[in-house]
Amino acid sequence: MSTEVLRAQEEWEAVDSIQLETGSQTSSNQAQLISFSEALKHFQTVDLSSFKKRIQPTIRRTGLAALRHCLFGPPKLHQGLREERDLVLTIAQCDLDSQDPVHGRVLQTIYKKLTGSRFDCALHGDHWEDLGFQGANPATDLRGAGFLALLHLLYLVMDSKTLLMAQEIFRLSRHHIQQFPFCLMSVNITRIVIQALREECLSRECNRQQKVIPVVNSFYAATFLHLAHVWKMQQKTISDSGFVLKDLEVLAKKSPRQLLKTLEIYLARVSKGQCSFLGAQKHYGVQAPNCKELTFTGVCDLPPCVSEGTWLN
């Protein structure tokens, strides 16, 4: 074998060695997936006092509205559960901080579970529009829901019972006709959940289960499931978004137990491979729609007169 060939072989082996080492380092540097419980524990241990000052745990009612609520409204939340409720509302006041490692891991986990990617992505970039945010920075879409909106998405994709549902809704959001911004829609669901919690619509169920956060999570998933079912079966499009969300909020506040029961039945059937609200869906686009091209009306965009409820600001 000639000297030139030997030298070339040595150089090639050196390249292989560098690539293997680089690949090992890249893999080890990837952010680890974070569970909902780990992310929640982070908020339970950090100082949130400045954010807690902003919350209004319940809706203030006066006059006949207060009397009607007292006589015919839902029960008040048990005293022992109010601290847990306040934590939920406090997290909803927290902004996304891209410098916080836990916040970054939450974003990375949502991205990886929805896209199937094994690699980290930039915390700012056009790839977030593919998931249904309106711009390159997810923080700009969390108005009225704060970091709670991201925790809800995290719960949806990291709970083994709801992951399939999340993937199905995500696929529906990429339909070539019925497309909608998945993450932005999820943020609007979280806003509805926050308002239902503040209006004490979930108090009866929280009192029954003696828990708040699990009830709030399940109610979020149940509300999102109902929206997806209506969107699919009634062939809704992005132009219907405001009306769908208005009707959804009214139903969610009026019949939370009904939504939770539907979710329970759905998940039981899914676990047996018996149920899919999408069925054999065809014609999904290869790429997600560009959210800048969609005219999406969310809860915050609706005028106050469209519902008897109090809309989030």
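**A covered helix, a helix pair and some salt bridges**

In helix H5, the buried residues (under 20% relative accessible area, 1.4 Å probe, protein chains only) are Arg-85, Asp-86, Leu-87, Val-88, Leu-89, Thr-90 and Ile-91. The model is a predicted one, in which local features need pLDDT of at least 70 and side-chain atom pairs count only at pLDDT 80 or more, while totals for chains, interfaces and linings use all residues. Residues are numbered from 1 along each chain as its sequence is written, and side-chain values use heavy atoms, with hydrogens and water left out.

Helices here are DSSP runs (H or I, at least four residues), numbered from the N terminus. H5 spans residues 82–91 and is mostly covered, with seven of its ten residues buried. Those buried residues pack against H2, H3, H8, H10 and H12.

Two of these partners, H2 (residues 36–45) and H8 (residues 146–158), also pack with each other, at an angle of about 155° and with axes 9 Å apart. H2 is therefore roughly antiparallel to H8 (angles over 145 degrees). Phe-36, Ala-39 and Phe-43 of H2 make the contact (heavy atoms within 4.5 Å) with Phe-147, Leu-151, Leu-154 and Tyr-155 of H8.

What about charged pairs? The whole structure holds nine salt bridges, each a side-chain nitrogen of Lys or Arg within 4 Å of a carboxyl oxygen of Asp or Glu. Back in H5, Asp-86 pairs with Arg-85, the closest N and O atoms being 3.1 Å apart. Asp-86 has a relative accessible area of 13%, and Arg-85 is buried at 10%. Another salt bridge joins Asp-120 to Lys-112 (2.7 Å, N to O).

How values were computed: Axes are lines fitted to C-alpha atoms, for helices over the stretch in contact, and angles run from 0 to 180 degrees between N-to-C directions. Helices (H or I, at least four residues) and strands (E, at least two) are DSSP runs, numbered from the N terminus. Angles under 35 degrees count as roughly parallel, over 145 as roughly antiparallel, 65 to 115 as roughly perpendicular and the rest as oblique. Buried means under 20% relative accessible area, exposed over 50%, partly exposed in between (1.4 Å probe, protein chains only).
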